[in-house]
Amino acid sequence: MLYLPGLLPARSWTKMMSNLNKHFGENAELDSKTQKEITDFLVQNSGDKIHSRRGDKILATIGANEEVLRISETSYFKRKHHELSSSIYKRKGIGSAANCIACHGGAEKGDFSEHNVRIPKETSAKIK
């Protein structure tokens, strides 16, 4: 899933794009022209440039000099997901807290409404 640029400040996107060879355990390196174009887009549409209700709430929980790379590490995310145990994120249908679309059906369009949350159930192994 691609995250909306407005969910993080420009400094976070800049840092993330400068370390693509170590992008969350993957090598996501790009040619310099493409990397610059994507970085410019992310910065121009970042949460501190383009304001939205949710983006502003997330940014309010990030320190002025923090370069947060994971939305799931923000106080906003933790507060919104406090009732979920860490084992839920380990379910096969979810995998990690970064997989928003596993529970939020409209996440790819920026819809994280609590009314549309469907947490995948744990599937039990079949007994043979």
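Among contacts between residues at least 6 apart in sequence, what share joins residues at least 24 apart? In this predicted model, the figure for the protein chain comes out at 52%. The fold behind that number is all helix as far as regular elements go: five helices and zero strands, which read α-α-α-α-α from the N terminus on. Laid along its principal axes, the C-alpha trace spans about 55 × 30 × 25 Å.

On the surface side, the chain exposes about 9000 Å², with carbon and sulfur atoms supplying 53% of that area. Of the 128 residues, 29% are buried. Charge is worth a quick look too. There are 21 positive side chains and 15 negative ones, and the centres of the two sets sit 7 Å apart.

Now for the inside. Nonpolar side chains tend to be buried together in soluble globular proteins. Here the largest nonpolar core counts 15 residues, and the members that touch the most other members are L7, L8, W13, I58, I62, I71 and F112. Helix α1, residues 10–17, gives the most to this core, with three residues. Apart from it lies another core, made of seven residues, including F77, L84, I94 and C103.

Helix α1 deserves a closer look. Its buried residues are A10, S12, W13, M16 and M17. Around the helix axis they cover an arc of only 160 degrees, so they fall on the same side of α1. Some helix geometry helps here: an α-helix has 3.6 residues a turn, so residues three or four places apart point the same way. What do the buried residues of α1 pack against? Their partner is α2, which covers 32–44.

Two α1 residues show what this looks like up close. W13, one of the best-connected core members, is in contact with Y3, L4, P5, L8, L42 and S46 once neighbours within four places in sequence are set aside. S12, also in α1, has a relative accessibility of 0% and therefore counts as buried, the cut-off being under 20%. Leaving out residues up to four places away, S12 touches a run of partners further along the chain, namely E66, E67, V68 and L69.

Just ahead of the helix, L7 sits in the segment before α1. Is L7 buried or exposed? With a relative accessible area of 6%, L7 is buried. Beyond its neighbours within four places in sequence, L7 is in contact with R54, G55, I58, L59, I71 and F112. Three of these partners, I58, I71 and F112, also appear with L7 among the core members that touch the most others. As for K78, 71 residues away along the chain, its C-alpha atom and that of L7 are separated by 14 Å.

F112 turns up again around H104, a residue found in the segment after α5, the helix at 86–89. H104 counts as buried, at 12% relative accessibility. Not counting residues up to four places away in sequence, H104 touches H81, D111, F112, S113 and V117.

The second core can be followed through L84, one of its seven residues. L84 is placed in the loop between α4 (75–80) and α5. Which residues does L84 touch, not counting those up to four places away in sequence? The list is Y89 and I119. L84 and I119 are 35 residues apart in sequence, while their C-alpha atoms are 10.0 Å apart in space.

Y89 is also a partner of A97, a residue in the segment after α5. At a relative accessible area of 22%, A97 is partly exposed. Aside from neighbours within four places in sequence, A97 is in contact with S72, F77 and Y89. F77 belongs to the seven-residue core, and the pair A97 and F77, 20 residues apart in sequence, is 9.5 Å apart from C-alpha to C-alpha.

One backbone oddity rounds things off. F24, in the loop between α1 and α2, has a positive phi of about 50 degrees although it is not a glycine. F24 is partly exposed, with a relative accessible area of 39%.

Methods. Residues numbered from 1 in each chain as written. Predicted model: local features only at pLDDT ≥ 70, side-chain atom pairs only at ≥ 80, totals over all residues. Heavy atoms only, no water. Helix = DSSP H or I, 4+ residues; strand = E, 2+ residues; numbered from the N terminus. Buried < 20%, exposed > 50% of the residue type's maximum accessible area, 1.4 Å probe, protein only. Contact = heavy atoms within 4.5 Å. Areas by Shrake-Rupley, 256 points an atom, 1.4 Å probe, with all protein chains shown as cover. Lys, Arg positive; Asp, Glu negative; His and termini not counted. Charge placed at Lys NZ, Arg CZ, Asp CG, Glu CD. Core = buried A, V, L, I, M, F, W, Y, C linked by side-chain atoms within 4.5 Å. Arc of directions from axis to C-beta.
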